Amino acid sequence: TIDRLQGETLLRRELTDFVTGLDGDGNTLVVKTITGHAQGVCEAIDRAWWEEVVGTLAGENTIFVLCRGKEGRKAIEERIESMR
């Protein structure tokens with residue numbers, strides 16, 4: 001849909017401009033951002049409507065992404081890396 005396409009476009013821009021690193025374990029992915037940009041990146045992840053994402057939580061420069069299992073986390077991590 002158009003909303004999903006717009007979400008992916010926004011996410012690509014946010015990831016390129018503001019994400020500084022990724023880490024994770026189990027079903028949790030940690031996304032590090034430039035200070036002050038975690039909320040925007042988090043919103044962009046939410047708007048992408050990835051089925052592997054259960055939910056997100058953002059602070060000042062860190063986002064926790066709860067994923068559907070370890071395989072889901074790996075898939076999201078690879079997708080984010082390919083978009084940066």
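Visitor: In which element does V53 lie?

Guide: The place of V53 is in strand β3, where strands are DSSP runs of E with at least two residues, helices are runs of H or I with at least four, and both are numbered from the N terminus. The structure is a predicted model, in which local features need pLDDT of at least 70, side-chain atom pairs count only at pLDDT 80 or more, and totals for chains, interfaces and linings use all residues. Residues are numbered from 1 along each chain as its sequence is written, and side-chain values use heavy atoms, with hydrogens and water left out.

Visitor: Why is V53 called buried?

Guide: The relative accessibility of V53 is 14%. Buried means under 20% relative accessible area, exposed over 50%, and partly exposed in between (1.4 Å probe, protein chains only). The value for V53 falls under the first limit, and therefore V53 counts as buried.

Visitor: Which residues does V53 touch, not counting residues up to four places away in sequence?

Guide: V53 touches I45, V65, L66, R68 and I76, contact being heavy atoms within 4.5 Å. As for G69, its C-alpha atom is 9.5 Å from that of V53, and the two residues are 16 apart in sequence.

Visitor: What makes T56 partly exposed?

Guide: T56 also has its place in strand β3. Its relative accessibility is 22%, which lies between the limits for buried and exposed, so T56 counts as partly exposed. Outside the residues up to four places away in sequence, T56 touches C42, I45, D46, F64 and V65. From C-alpha to C-alpha, T56 and E43 are 8.6 Å apart, with their positions 13 residues apart in sequence as the separation.

Visitor: How do you know whether W49 is buried or exposed?

Guide: W49 has a relative accessible area of 59%. That value is over 50%, so W49 is exposed. W49 is found in the loop between α2 (38-48) and β3 (53-58). The phi of W49 is positive, at about 55 degrees, although W49 is not a glycine.

Visitor: Why is K32 called partly exposed?

Guide: With a relative accessible area of 33%, K32 lies between the two limits, and therefore K32 is partly exposed. K32 belongs to strand β2 (residues 28-33). Residues up to four places away in sequence are not counted when K32 is said to touch F18, V19, T20, G21, N61 and T62. The C-alpha atoms of K32 and E8 are separated by 19 Å, and these residues are 24 apart along the chain.

Visitor: What is in contact with T20, leaving aside its neighbours within four places in sequence?

Guide: T20, in strand β1 (residues 19-25), is in contact with K32, T33, I34 and R84. T20 and T35 are 15 residues apart in sequence and 9.9 Å apart between their C-alpha atoms.

Visitor: In what order do the elements of the chain run from the N terminus on?

Guide: The order is α-β-β-α-β-β-α, which comes to three helices and four strands.

Visitor: How do you know that the radius of gyration of the chain agrees with that of a compact globule?

Guide: The radius is taken over C-alpha atoms, and the globule rule is 2.2 Å times the number of residues to the power 0.38. For 84 residues a compact globule would have a value near 12 Å, and the chain has 11 Å, which agrees. The C-alpha atoms fill a box of roughly 30 × 30 × 20 Å along the principal axes. Of the 84 residues, 38% count as buried.

Visitor: Where is confidence lowest and where is it highest in the chain?

Guide: The term pLDDT is the predictor's confidence in each residue, from 0 to 100. Its mean is lowest in helix α1 (residues 2-18), at 79, and highest in strand β4 (residues 62-67), at 98. The mean pLDDT of the chain is 91, and 93% of the residues reach 70 or more. Where pLDDT is low, the predicted coordinates should not be read in detail.
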